[in-house]
Amino acid sequence: MTREKKVSITIDNRKVEAKAGLTILQAAREAGVDIPSLCALEHLPSYGACRLCVVEVDGIRGFPTSCTTPVEEDMVIRTDTAEVRTLRQEVLKLLLSEHPASCLFCGEQDECKDFQGTIRKVGVTTGCRYCPNDALCELQDIVEKVGLTETSYPVYYRNFPLEKEDPFYDRDYNLCILCGRCVRVCNDIRLNGTLSFKQRGKQTTIGPAFARTHLEAGCEFCGACVAVCPTGALSAKVSKWSGKPDEIVETTCLYCPTGCTLDLKVKNGEVIDVSADYDSPTEHGLICVKGRFAIPEYVLSPDRLATPTILGPEGYDLIGWDGALDRAAEKIEEAGPEGSCVFVSPDLSNEDLFVAQKFAREVIGTEAILSRVIYDLGSDLRAFVDLVLTSEQIDFLENAKGILSIGLDTTYGFTPVGIAVKKVARKDATLVTIDDQECNLDFLSEEAFRSDPEKWPEYLDGIIKSMSGNGKRGSVPPSFFKKSERNIAIVGPGAIFSKKRKEIFKRVLSLRNDLGWKVIVCHPYTNLLGMIAMGAFPGLMPGSIKSDGVLKFKDPATVVDLKAKCKVGYFIGDVPSSNGTPPCDYVIYQNALPAPEGVKPYINLPAAVFTEVSGTTISAEGKILSINKASEPFADSRADWWIMSGIAGRIKKGALKYNSLSAIQSEIKKAVPGVAGKDRRVPRKKVVMEGKAAENTAYRKDATEAPASFRGVPLHDYVAGMKAIEERRHK
Amino acid sequence: MPEQIQKILGKHGRGPDELIPILQDVQAAFGYIGEESVKAISRYLRISENQIYGVSSFYAQFRFTEPGRHGIKVCLGTACHVRGGSTLLDSLEHGLGIHCGETTVDKRFDVDRVACLGCCALSPVVQIDRDIYSRMTVNKLTELLKNYE
């Protein structure tokens with residue numbers, strides 16, 4: 001490895017070494033010299049819009065902007081001369097002439113903060129006290145830094161109407177200072193290109209083409225623009241008046257298996273907002289709308305189950321935890337091992353899944369540890385598990401030469417995968433998209449195959465044919481995908497939930513096994529690898545993925561009778577439905593939000609959600625990631641493992657007696673290979689099928705691509721913005 | 001129309017620097033840059049529609065609505081302004097019910113202002129399509145418009 005080249009420069013009479021290639025601004029910051037700036041931001045390309053970072057450099061005429069000027073050997077830089085200071089003040093005055101900033105210079109600023117703090121939430125922002133970004137505003141900080149106490153220019157209010165029609169965030173371009181951070185993050189980091197500067201001069205605004213709404217223009221609602229906005233021009237609807245968070249808790253998103261890191265912002269013991277972590281190794285901060293915006297409304301929903309209730313003759317009666325656990329235990333005992341089943345959600349943590357399978361096996365004595373995965377996938381489960389277990393890492397896409405996306409649109413989910421695809425497709429990779437409607441990756445594709453899923457297997461056959469080496473064109477020219485190169489197929493929800501998935505899976509497996517392709521599966525079952533590793537499947541014991549990465553998989557349908565009627569169904573984190581779950585006489589319903597209409601659980605047990613408890617989950621890449629508690633469980637709700645442990649103790653004295661999470665974790669460490677390892681990964685190598693395949697039946701006839709949900713509850717039922725997105729998806 | 005756009009695109013390379021030449025060709029062929037054209041350009045150049053709109057809205061030469069059948073340009077250069085050019089523009093805006101830079105609903109007229117048409121001795125001057133009309137008055141202009149359908 002060659003050593004990094006360094007140059008020596010002088011900043012404010014101090015000699016320092018700086019890495020070659022840095023800008024003056026970056027070098028100064030590394031040397032601890034603070035230069036004010038509004039448009040420059042780590043991770044974003046240099047831009048030079050705000051002109052606040054001007055400095056003096058010997059030998060350069062005028063005042064170069066330090067964010068666009070690279071350091072050179074022997075450069076002499078002065079960042080804080082009288083001239084530079086005056087210039088900055090002048091620049092800032094001009095900037096503020098188009099920004100309602102009266103409060104910044106008001107003599108009664110401090111008193112006002114203390115005594116008139118209630119005049120807020122106004123329609124028009126005329127000063128800081130009326131701005132949702134008050135106290136979070138970078139402009140406020142800069143005014144202080146630059147030392148501006150008055151302005152000689154009149155304020156020009158541009159009088160743009162407030163834009164509130166789009167979901168999740170509001171826009172007030174009267175506050176915009178045109179620093180271009182949002183445009184750059186949208187175009188250069190998210191590669192989405194929803195935002196651009198429109199018109200010019202004093203008419204310049206930011207937004208999508210024509211008079212389209214952001215929703216129409218293909219906005220992903222990733223909120224990256226809101227996060228980088230230095231002013232109050234962009235603000236999240238849910239949290240805009242919450243002010244500064246008290247603390248930030250890092251956790252893992254459980255809305256899909258990607259395993260994105262989220263920074264939960266906590267205020268007054270509630271999760272009010274979420275931000276991305278650009279240093280996270282999995283998704284590099286490229287989170288989707290679900291993690292960014294769909295958490296506070298879900299976890300703070302007024303409909304959350306608050307205390308245990310039991311079905312009485314006249315509706316639900318409150319019953320304390322003791323009573324509820326007693327009655328649940330009674331019912332399960334009554335039904336016995338033959339008449340009960342446990343139905344787990346793939347959105348549970350490893351610890352909860354581990355306790356759930358123990359509950360079924362040791363307390364009830366049944367292998368009926370059922371889940372949505374089994375009913376959704378039916379007889380295609382074997383092929384699905386085969387593809388999922390060896391699913392490639394997202395970073396593999398970086399060097400891919402051929403990409404085939406099947407039924408994948410990454411606008412509102414799996415954005416880290418989508419952005420990685422866009423990145424290489426722009427470079428030199430060949431992208432072919434297969435979908436039944438236009439998808440967001442189309443505009444970078446070499447070929448976009450649009451048709452009913454009926455024809456997808458045939459098209460895939462064509463690809464296999466054109467790769468077979470006789471130079472004949474199958475469905476794509478042989479030049480698209482070459483055997484010697486790194487090819488990857490991405491199987492999206494559109495394929496997993498299509499009528500032809502059996503045939504599609506078969507072709508993808510043949511691409512993988514015969515032609516050396518890699519595969520990424522974008523599926524909605526968050527902790528599916530956790531379910532397999534913890535043994536929350538019929539016939540799979542904990543530790544079924546051996547330390548050599550081999551999984552011996554039995555078809556659940558050959559272990560238990562999936563169509564049998566149950567006397568008691570214990571639903572942990574999922575909801576019963578008329579098809580897709582076994583019919584049960586009595587439902588013990590353990591979840592955070594109420595069961596859907598038409599389902600009358602016998603007992604409701606309020607469970608805490610992932611922002612309220614700790615644990616671990618396993619991502620699609622096999623990484624074991626931490627879930628960290630950010631707030632106390634809502635009302636009288638409890639962690640899933642605590643509830644299971646309570647019922648277990650009543651059925652069988654001393655069973656599943658856990659006092660804390662770490663007690664469960666130390667058991668898991670012994671039982672499941674990889675968990676105790678330093679690199680925090682489960683081994684994944686291959687799947688060996690054991691026993692017979694299940695008969696060719698789907699247990700769920702209507703398994704179509706379901707809306708984004710968590711613990712069985714569709715997000716759009718509780719998150720207003722997701723509803724708008726769901727409507728657009730179906731248009 | 002789609003074939004015509006494809007034909008224009010076929011004449012250009014696929015680098016982002018081709019955007020402005022393509023926009024110019026599209027505008028020359030159709031008189032404006034429509035949503036359909038933007039979409040086709042977006043697929044061809046692999047730039048998002050929003051970015052294309054951002055670039056094209058920067059330049060006054062590009063327009064995004066179908067032009068009217070006849071373009072009226074009122075001169076507001078110094079000489080024309082002194083001799084009542086702005087009154088002519090006002091009367092046109094009122095009479096046609098549109099603002100400067102817009103097109104009438106029946107697509108008959110566009111109204112625009114120009115800075116000088118180079119014949120100040122004949123001011124105030126109005127240009128309709130390729131013809132220049134000199135020493136205009138509000139009454140003369142109203143009569144004149146009847147000749148254009």
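**Entry 1: a sheet in chain B**

In what order do the four strands of the open sheet in chain B run? I looked this up first, keeping in mind that the model is predicted. The order I found is β2-β1-β3-β4, and the pairing is mixed. At the edges I noted β2 (109-114) and β4 (131-133) of chain B; each has a single partner strand, so one side of each is left without a neighbour in the sheet. On average, neighbouring strands here are turned by 20 degrees against each other, direction ignored.

I then checked one pair of strands. β3 (residues 126-128) of chain B pairs with β4(B) in the antiparallel sense, over three bridges. For a landmark I picked B:Q127, whose bridge partner in β4(B) is B:I132.

**Entry 2: the helix across that sheet**

Next I followed helix α6 (residues 85-96) of chain B. I saw that α6(B) lies across β1 (70-75), β2 and β3 of chain B. Its direction is about 145 degrees to β1(B).

Which helix did I find packed with α6(B)? Helix α7 (residues 138-145) of chain B does so, at an angle of about 45 degrees and with the axes 10 Å apart. An angle of that size makes α6(B) oblique to α7(B). I also wrote down that the crossing of α6(B) past α7(B) is right-handed.

Who makes the contact? From α6(B) I listed B:T87, B:L88, B:S91 and B:G95, and from α7(B) I listed B:V138, B:L141 and B:T142. Sorted by character, the residues of this contact are three nonpolar, four polar and no charged.

**Entry 3: a sheet in chain A**

I moved over to chain A, where three strands form an open sheet in the order β9-β10-β11 with antiparallel pairing. Here β9 (247-252) and β11 (270-276) of chain A are the edge strands, each pairing on one side only. The average turn between neighbouring strands of this sheet is 35 degrees, direction ignored.

How many bridges join β10 (residues 261-267) of chain A to β11(A)? I noted six, with the two strands running antiparallel. One position to click on is A:V266, which has A:V271 as its bridge partner in β11(A).

**Entry 4: domains of chain A**

Last, I looked at how chain A is divided. Domain 1 covers 6-115 and domain 2 covers 384-525. The C-alpha centres of these two domains of chain A lie 47 Å apart.

Note on methods. Residues numbered from 1 in each chain as written. Chains lettered and ligands numbered in written order. Predicted model: local features only at pLDDT ≥ 70, side-chain atom pairs only at ≥ 80, totals over all residues. Axes fitted to C-alpha atoms, helices over the stretch in contact; angles between N-to-C directions. Parallel < 35°, antiparallel > 145°, perpendicular 65-115°, else oblique. Left-handed = near helix turned anticlockwise from the far one by under 90°. Contact = placed C-beta atoms within 7 Å. Nonpolar A, V, L, I, M, F, W, Y, C, P; charged D, E, K, R; others polar. Pairing = 2+ DSSP bridges. Domains from an automatic or database assignment.
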